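User: Please take me through this model by asking of each label what justifies it. I should like each value to be set against its definition.

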Amino acid sequence: MLFPRDAWWTAAFYLQPHWMDIYVDVTTVPEWSDGEVTMLDLDLDVIRTPDGRLFVDDEDEFAEHQMLLGYPPELITQAEGSARWLLDAVGERKEPFGGVHLEWLAMVT
């Protein structure tokens, strides 16, 4: 898992074989306190499969929760902007989504 200190997402990277390569949750900015990390999952997920397929998952949940949970407009705008940025970054394999994670995964195999 990767928890950036200043971005609206958290990422998981998977050893192969697995049906996905990278799974990125759109979240509030992760906060660290006493060795624990917390954030709010904002439903949207950017997923890349090992064959390079890229998609946003759970857009329906995001829309439903906007109404049900009363997401403020600023949160909606930030979540949607983060999902667009992630689609570009993961799709273009910009780090940390390009391959640097493979070195870390190799340490656990």
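**Strand pairing**

Analyst: β1 and β2 pair in the antiparallel sense, and five bridges connect them. The model is a predicted one, in which local features require pLDDT of at least 70 and side-chain atom pairs count only at pLDDT 80 or more, whereas totals for chains, interfaces and linings use all residues. Residues are numbered from 1 along each chain as its sequence is written, and side-chain values use heavy atoms, without hydrogens or water.

User: What makes β1 and β2 a pair of strands?

Analyst: Two strands pair if DSSP finds at least two bridges between them; β1 and β2 have five, so the criterion is met. Strands are themselves DSSP runs of E with at least two residues, and helices are runs of H or I with at least four, numbered from the N terminus. In this pairing T10 stands opposite D25 of β2. β2 also runs antiparallel to β5, again with five bridges, and Y23 has I47 of β5 as its bridge partner.

User: How do you know that β2 is mostly covered?

Analyst: Five of the six residues of β2 are buried. That word denotes a relative accessible area under 20%, while exposed denotes over 50% and partly exposed lies in between (1.4 Å probe, protein chains only).

**Aromatic pairs**

User: Why is the pair of W9 and F97 called tilted?

Analyst: The structure holds five aromatic pairs. In this one the ring centres are 5.2 Å apart and the planes stand at 55°. Rings of Phe, Tyr and Trp (its six-membered ring) pair if their centres lie within 6.5 Å; planes under 30 degrees apart are stacked, those over 60 are edge-to-face, and the rest are tilted. The distance satisfies the limit and the angle falls in the remaining class, so the pair is tilted.

User: Why does the pair of W9 and F97 tie parts of the chain together?

Analyst: W9 belongs to strand β1 (residues 9-13) and F97 to the loop between α2 (73-91) and α3 (100-106), so the pair ties together parts that are 88 residues apart in sequence. W9 is buried at 7% relative accessible area, and F97 is buried at 0%. The rings of F62 and Y71 also form a tilted pair, because their centres are 5.9 Å apart and their planes lie at 45°. F62 and Y71 are both buried. Ring pairs further link W9, F13, W85 and F97 into a cluster.

**Helix α2**

User: How do you know what length to expect of α2?

Analyst: The expected span of a helix is 1.5 Å times one less than its number of residues. For the 19 residues of α2 this gives 27 Å, and the reach from first to last C-alpha, 27 Å, is close to that value.

User: What makes one side of α2 the buried side?

Analyst: The buried residues of α2 are L75, I76, A79, S82, A83, L86, A89 and V90. They cover an arc of only 165° around the axis, so they lie on the same side of α2; the arc is that of the directions from the helix axis to the C-beta atoms. The face turned away from this side carries the exposed residues P73, E74, T77 and R84. The cover over the buried residues includes β1, β2 (22-27), β5 (41-48), β6 (54-57) and α1 (59-68).

**R48 and backbone features**

User: Why is R48 called buried, and what does its side chain reach?

Analyst: R48 lies in strand β5, and its relative accessible area of 2% falls under the limit for buried. Its side chain reaches the backbone oxygen of F97 at 3.0 Å. This is a polar contact, because such a contact is a pair of N or O atoms within 3.5 Å; within protein, one must be able to donate a hydrogen and the other to accept it, and residues adjacent in sequence count only if both atoms are side-chain atoms. Beyond four places in sequence, the contacts of R48 (heavy atoms within 4.5 Å) include M20, D21, V90, F97 and H101.

User: What makes the phi of R93 notable, and why is R93 called partly exposed?

Analyst: R93 has a positive phi of about 60° although it is not a glycine. Its relative accessible area is 40%, between the two limits, so it counts as partly exposed. R93 is found in the loop between α2 and α3. D43, in strand β5, has a positive phi near 80° and is buried at 8% relative accessibility.
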